[in-house]
Amino acid sequence: MDFDKLKNLFIKEVNEIIAKTEALLLDLERDQDNIDIITEIYRHMHTIKGAAGMYGLNLTVRIAHLFEDVYKKIKNSEISVNKDIINLSFKALDYLKVLIKSDEADVSQKEIENLKNDLRRVIDIKEEQPPVPSAPEAKQLMTYYILFQPNADIYERGIRLTGIIEDLEALENKIISPFSDDTREQQGKLALFWQIIAVSDDRKKLENIFIFVPDEVEIIPLCEGNALENPEFVDFYNNLIASGYSSDHKDKLLSFCRASQGEAKPQQSDENSSEQRKQTRAVQTESFEGIDSVRVESKQLDNLLNLVSELIIGNSRLNEAVKNNDFQLIKEISEKLFTTTNLLKEQTLRLRLVPIKILFDAFRRTVRELAQIQGKKIVFATEGGDTLIDKTIIERLYTPLLHIIRNAIDHGIEPPDERVKLGKSEEGLIRLIAFQTNVNIFIQIQDDGRGLDPDKIKAKAIELGLIKPGQPLTSEEVYELIFMPEFSTAGKITELSGRGMGMDIIRKSIRQLRGNVEIESEKGLGMSVTLKLPSTLSIIETLRVSTNGVNFLIPLSNILTTEKINPFELNLVSGSYLPFRGELLPLINAREFFDLGGDQKKNEKLIVINLGTRKYAMIFEQIHDEVSAVVKNLGKLLQGLDYFIGASILGDGSIAYIIDPYKIVRDLNFVLKT
Amino acid sequence: MDKHKFVYFQLWEEYFAIDVDKIIEVMEMPKMAKLPKTPDFVMGVTNFRGEIIPVIDLRKKFMLPQEEIFSKRKYVIVIEYKSADYQNKIGVVVDRIIDVIEVEQYDITHFPELGSRYNPEFIFGVIHYDDKFILVLDIEKILEAAEVEILKNLDLTQTDG
């Protein structure tokens, strides 16, 4: 078990190194003589080689070794960096990823040979020099014959027979046939013995099962591949054992295998599957693996531990004070506990924050590849990679960001010749920027491409019947149009972005994170898409309001203003619009909307909600206080109730619902349709 | 061989049982918050060990009479159930907890589908015990149906508004 843990740690570390190397390669591509980068790559490969050797990943060792040699030669100025080497390096990295992930099981021998030859070609080595002399040949499935005849004294030696049998049972492909020795049985001794057909890619694994009883077992390879997949073999075996055990089974099976081995054509299937693997690998470069572990500074852990011990001390002091009925002391301790828990909350939430760089780096490779496919030249720059963001948000940002970036490459950036004609530099620029304000994190994707064409958008919207011809629209309202479902200004569906997400889906997924999407654009100069996100998903700053005893929390970031109001004296326009500072706002009375009951009071509160492009007003009975709410899920049963982001437990243990301001207006008519 | 333990309880004048394996806790009626825009049988939500869980009223779900036949004390059984991909917890309000009983698998008989006030899908079987017929609830099925009903209710209120 411990070994598995270590190995997982190893995989994580190697993956980190691979990611770093990938970033370095991208740098190297722009700066081909940078000796620091080359040395760094060389060093990383050396590390991978060493670590993989420790875990017996021999293929990985060889690839890393050759990779390392390439960069050693570059370092010593024996060869120089070129496009070929960079591309080959990316390819090798991809193979390393798969090798490590699949424990070297998922790559065919042939592919590896090809890669090794390519690498050798670069460094001009004719003969292979195996880095680990005793390395066994690559693993291949083998069907083994095992005869296990434990001596009668096995229990006295403290050996658990059941343990061995359990291990055998755990093998993936096997037939286990138990027999009994009559003469021994009559003597009242352990008479069981087993004949086993087992398939494994490593004889060692089988030998390890019998590690304490090596003299009582016989392991013989029968045939290559998995003979248990061959029904004839299984029939043959079953016929053999039908009449009990005989010592000639082994020889009969061996000759059966030799006879059938001639017909087998393993080569073909191998090639098929390698083709499939190639495809899966192509997909793999386009997915973000998510974050299943977070690095924490040990100082942070110490802090947490300190806070926890303070809580425990506080708790026992509190018990004491309660026993003594010392109200003054209870009050004192309670205040202290309040501070401590708040600190603990903050510290714990901070643990979930990771730098957004992880995500940015994942896109560098994507941009490079997409640009290559499309024959466009693109410089990809990132800024603010150190911005900390909740790990859950990062995971859910990958897909929307990917699609925005794809849109920029596909529709935004012009082909090089067109750019030159327009007087722009040949290389397009895509910038990915992150920055943070007090409560929000902004992620901006800028490109210097074509930008949006308001006339084209309007024409399309008229065609789709979204607006009337001649309807006056502000530029904000025009951009709002491209968020309508299935709206696309590009005439054709391209392989890259056409079948991906539309802007409406992008916005939807960002809103699920309680964020918003804004677009700015200048025709011919480029476009920028800004994602505004809360800095952490789990805590929201809110205002607590209530009607008829039911508590609601409204995110502060969406509240424009609050006012006293008398619901009986509203001069509503066309039934449900409230004139407010020269604007008409849709009005929602929470009492009716949520069906809360109770009588309308004369003195209620108006809360104006701002969604960026839209505003509306809500009426509640009372405004209480500001609450920094820890968001709790309402669970699956109530997931349909999406007026709420979730609920939160208040200081007195009661529950308040956190309103999702976007969902409330879902059914109100969209301003363009009125 | 195959014994199962059940919590055996009363709702109005009828007897029911739920498999203990599905139960996390039985507690006295906790403080509850009303939940807007939900069907009648959803009593609200409550704070259970720092998690917010919905509480449903089985009497209302089964459309049993609302008259109280006991003193006001009621109990909530907290149930954990698995749906497609994750674990859910939910509280179920009952009138009275009677006992925990141990029953052989073969003592749970088939529920006659005809002439019952209950949807036979919700009843896993019947235990004849203590001269009473105890209906074993298929709690997952009930909660699945409740989920659908909550969604439906939501659609209605939306078109109304």
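Start by selecting chain A: this chain holds 21 helices and 21 strands. What you have on screen is a predicted model. Colour chain A by burial and you'll find that 27% of its 674 residues count as buried. Now think about who touches whom: among contacts in chain A between residues at least 6 apart in sequence, 68% join residues at least 24 apart.

**Stop 1: a helix in chain A**

Select residues 83-101 of chain A, which make up helix 4. Does its length add up, or is something off? Put a distance between the C-alpha atoms at the two ends: they are 27 Å apart, and 19 residues at 1.5 Å a residue should span 27 Å, so the two agree.

Keep helix 4 of chain A selected and show its side chains. Which residues are buried here? Ile85(A), Ser89(A), Ala92(A), Leu93(A), Tyr95(A), Leu96(A), Leu99(A) and Ile100(A) are the ones to highlight. Then step just past the helix to Asp103(A), where phi is positive, about 60 degrees.

**Stop 2: a loop in chain A**

Move along to the loop between helix 12 (298-323) and helix 13 (327-351) of chain A, and pick out Asn325(A). Most residues other than glycine have a negative phi. Asn325(A) isn't a glycine, yet its phi is positive, about 55 degrees. Is this residue buried or exposed? Asn325(A) is exposed, because just 8 other C-beta atoms lie within 10 Å, and a residue counts as exposed at 12 or fewer.

**Stop 3: a sheet in chain A**

Next, select strands 19, 12, 13, 21 and 20 of chain A, in that order: these 5 strands form an open sheet with mixed pairing. Look at the edges, where you'll see strand 19 (622-630) and strand 20 (644-649) of chain A. Each has a single partner strand, so one side of each is left without a neighbour in the sheet. Turn the view and follow the twist, which averages 35 degrees from one strand to the next.

Now zoom in on strand 13 (residues 550-555) and strand 21 (residues 655-659) of chain A, which run parallel and are joined by 3 bridges. Show Phe552(A) and you'll find Tyr657(A), in strand 21 of chain A, standing opposite.

**Stop 4: chain B**

Switch to chain B, with its 2 helices and 11 strands. Trace the chain along the sequence and you'll read the pattern β-β-β-β-β-α-β-β-β-β-β-β-α. Of its 161 residues, 31% count as buried. In chain B, 56% of the contacts with a separation of 6 or more are between residues 24 or more positions apart.

While you're here, select Trp12(B), in the loop between strand 1 (3-11) and strand 2 (14-19) of chain B. Trp12(B) is another residue other than glycine with a positive phi, near 50 degrees. With 16 other C-beta atoms within 10 Å, Trp12(B) is partly exposed.

**Stop 5: where the chains meet**

Finally, show both chains together. How many residues does each chain bring to the contact? Chain B gives 24 residues and chain A gives 19 residues. On the side of chain B that touches chain A, select strand 4 (42-48), strand 5 (51-57), strand 7 (86-94) and helix 2 (139-160), each of which supplies at least two residues. Helix 2 of chain B has the largest share, with 7 residues. Colour that side of chain B by residue type and you'll get 13 nonpolar, 5 polar and 6 charged.

Notes:
Residues are numbered from 1 along each chain as its sequence is written. Chains are lettered from A and ligands numbered from 1 in the order in which they are written. This is a predicted model: local features need pLDDT of at least 70, side-chain atom pairs count only at pLDDT 80 or more; totals for chains, interfaces and linings use all residues. Two residues are in contact if their C-beta atoms, placed from the backbone, lie within 7 Å. Helices (H or I, at least four residues) and strands (E, at least two) are DSSP runs, numbered from the N terminus. Ala, Val, Leu, Ile, Met, Phe, Trp, Tyr, Cys and Pro count as nonpolar, Asp, Glu, Lys and Arg as charged, and the others, Gly among them, as polar. A residue is buried if 20 or more other C-beta atoms lie within 10 Å of its own, exposed if 12 or fewer, and partly exposed in between; C-beta atoms are placed from the backbone. The expected span of a helix is 1.5 Å times one less than its number of residues. Two strands pair if DSSP finds at least two bridges between them. Axes are lines fitted to C-alpha atoms, for helices over the stretch in contact, and angles run from 0 to 180 degrees between N-to-C directions.
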